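Student: I have a protein model open and no clue where to begin. Can you show me how to read it?

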Amino acid sequence: MVILANSDLQELGAVKNANLTVDLNRNRNFSLQIARSYWRPELTFSSLIYIPGTEYGGIIGEVLTDTTLDYVELKGLSWRGRLAKKIIEPPAGSDYKVVSGELHTVMKSLIEPEFDGLFVVSQEDTGITVENYQFDRYCTLLDGLNKMLKSKWHRLQLSFRREQNEPGYLYIEAVPITDFSNRIELSRDCKLNYTMDDKRDGVNHLIVTGKGELQDRNILHLYVQENGAIGTEQYYTGLQEIAEVYENTSTETDELMSAAEDQLRSLMGKKTFKMDVAKLGMDVGIGDIVGGRDYLTGMYMAKPVENIVYEITNDVESKTYKLEGEGEV
């Protein structure tokens, strides 16, 4: 049930007869469409919508009314979208932001001062600490938290909570990543749709030709390593070497390496995996790992869940999951 609260976080009751879409972690926004006949004045800027016990919701930041379609659309950032709009800056006189301590204690110091009491970090001791963890320069708070937690095999978990007669708040905690892939053996009999594609004959040597003429032309060589990383030392040789030339005379020399790496990533061998995660019947969160072993071919693949899109349409709920490396949901 979708709940409406005012800017003071006081609950105003359920929002009925509305369609909701929440894109948690790609576009990181929500859309609530309601017929003009069901609209009420509280459905406006700075009010909150949420589904208790979940992270489906956000603060209304845009109101679109369309008389031709006879509905009002309320939009805003998802809670992860809010975290993505805060920046971790290096302290004055330092090159990087560096932290040490128990996970929740570190998270509390980074998150709570930014959100005026709306975001509350768990006080539970995770038993996990970071020592001199260095954030990337000017990274978003969301990216920084995800990267730090992943280094400790944890992920963010968010849920909107409200105690009786108290204002609501977004509860944030670090929870261990769950690897569901070792529980699943895929076969035609499991009635679970999946696709595995393991491509091993992609380009592994990219010859990059930049600005200049003949012998003075700027030439770079990039190589795919055994672990899939890109480097400047050749790993695959002889029959295993697959080379291609990438000509780029429009990119400045200091940016050519980055452009060339992007080009090689688009050409190199890769593993892709898609699964109908919703049919697993498991409580899978963003950052958890799904996958399995194909009984027929023996192939094994696993990918983290990168995004969840939650929808309510005509009172029917649905979830669409996107795995890391997949295209649009």
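Tutor: Sure. Start with the whole chain: of its 329 residues, 40% count as buried. Keep in mind that this is a predicted model.

Student: What secondary structure should I look for, and how many pieces of each kind are there?

Tutor: The chain has four helices and 25 strands. Its C-alpha atoms fill a box of roughly 75 × 60 × 50 Å along the principal axes.

Student: How can I tell what share of the contacts joins residues far apart in sequence?

Tutor: Take the contacts with a separation of 6 or more: 59% of them are between residues 24 or more positions apart.

Student: And the outside? What area does the chain expose?

Tutor: About 18400 Å², with carbon and sulfur atoms supplying 45% of that. For charge, count 35 positive and 52 negative side chains; the centres of those two sets are 3 Å apart.

Student: Let's zoom in on a helix. Which residues of α2 are buried?

Tutor: First the general idea: an α-helix has 3.6 residues a turn, so residues three or four places apart point the same way. Now the case here. Helix α2 covers residues 103–111, and its buried residues are Leu103, His104, Val106, Met107, Leu110 and Ile111. Looking down the axis of α2, you find these buried residues within an arc of 160 degrees, so they line one face of the helix.

Student: What sits at the N-terminal end of α2?

Tutor: Glu102 caps that end, with a side-chain oxygen 3.1 Å from the backbone nitrogen of His104.

Student: Is His104 buried or exposed?

Tutor: Buried means under 20% relative accessible area, and His104 is at 2%, so His104 counts as buried. Leaving out residues up to four places away in sequence, His104 touches Val121, Ser122, Glu124, Thr126, Glu173 and Ala174.

Student: Can we do the same for a strand? Where does His205 lie?

Tutor: His205 is in strand β18, residues 205–209. With a relative accessible area of 6%, His205 is buried. Again not counting residues up to four places away in sequence, the residues His205 touches include His221, Tyr223, Gln234 and Glu241.

Student: What about Tyr133: which strand is it in, and what does its side chain reach?

Tutor: Tyr133 lies in β12, which runs over residues 129–134. Its relative accessibility is 15%, so Tyr133 counts as buried. The side chain of Tyr133 reaches the backbone nitrogen of Met148 at 3.4 Å. Beyond four places in sequence, Tyr133 touches several residues, among them Lys97, Val99, Lys147 and Ser151. For a sense of scale, the C-alpha atoms of Tyr133 and Ser318 are separated by 38 Å, and those two residues are 185 apart along the chain.

Student: I've heard about backbone angles too. What is the phi of Trp153?

Tutor: General idea: most residues other than glycine have a negative phi. In this model, Trp153 has a phi near 60 degrees, a positive value in a residue that isn't glycine. You'll find Trp153 in the loop between α3 and β14. Trp153 is partly exposed, at a relative accessible area of 44%.

Student: Where can I find Asn314, and is it buried or exposed?

Tutor: Look in the loop between β24 and β25 for Asn314. Asn314 is exposed, with a relative accessible area of 64%. Asn314 also has a positive phi, about 50 degrees, although it is not a glycine.

Definitions and conventions
Residues numbered from 1 in each chain as written. Predicted model: local features only at pLDDT ≥ 70, side-chain atom pairs only at ≥ 80, totals over all residues. Heavy atoms only, no water. Helix = DSSP H or I, 4+ residues; strand = E, 2+ residues; numbered from the N terminus. Buried < 20%, exposed > 50% of the residue type's maximum accessible area, 1.4 Å probe, protein only. Contact = heavy atoms within 4.5 Å. Areas by Shrake-Rupley, 256 points an atom, 1.4 Å probe, with all protein chains shown as cover. Lys, Arg positive; Asp, Glu negative; His and termini not counted. Charge placed at Lys NZ, Arg CZ, Asp CG, Glu CD. Arc of directions from axis to C-beta. Polar contact = N/O pair within 3.5 Å; in protein donor to acceptor, adjacent residues only side chain to side chain.
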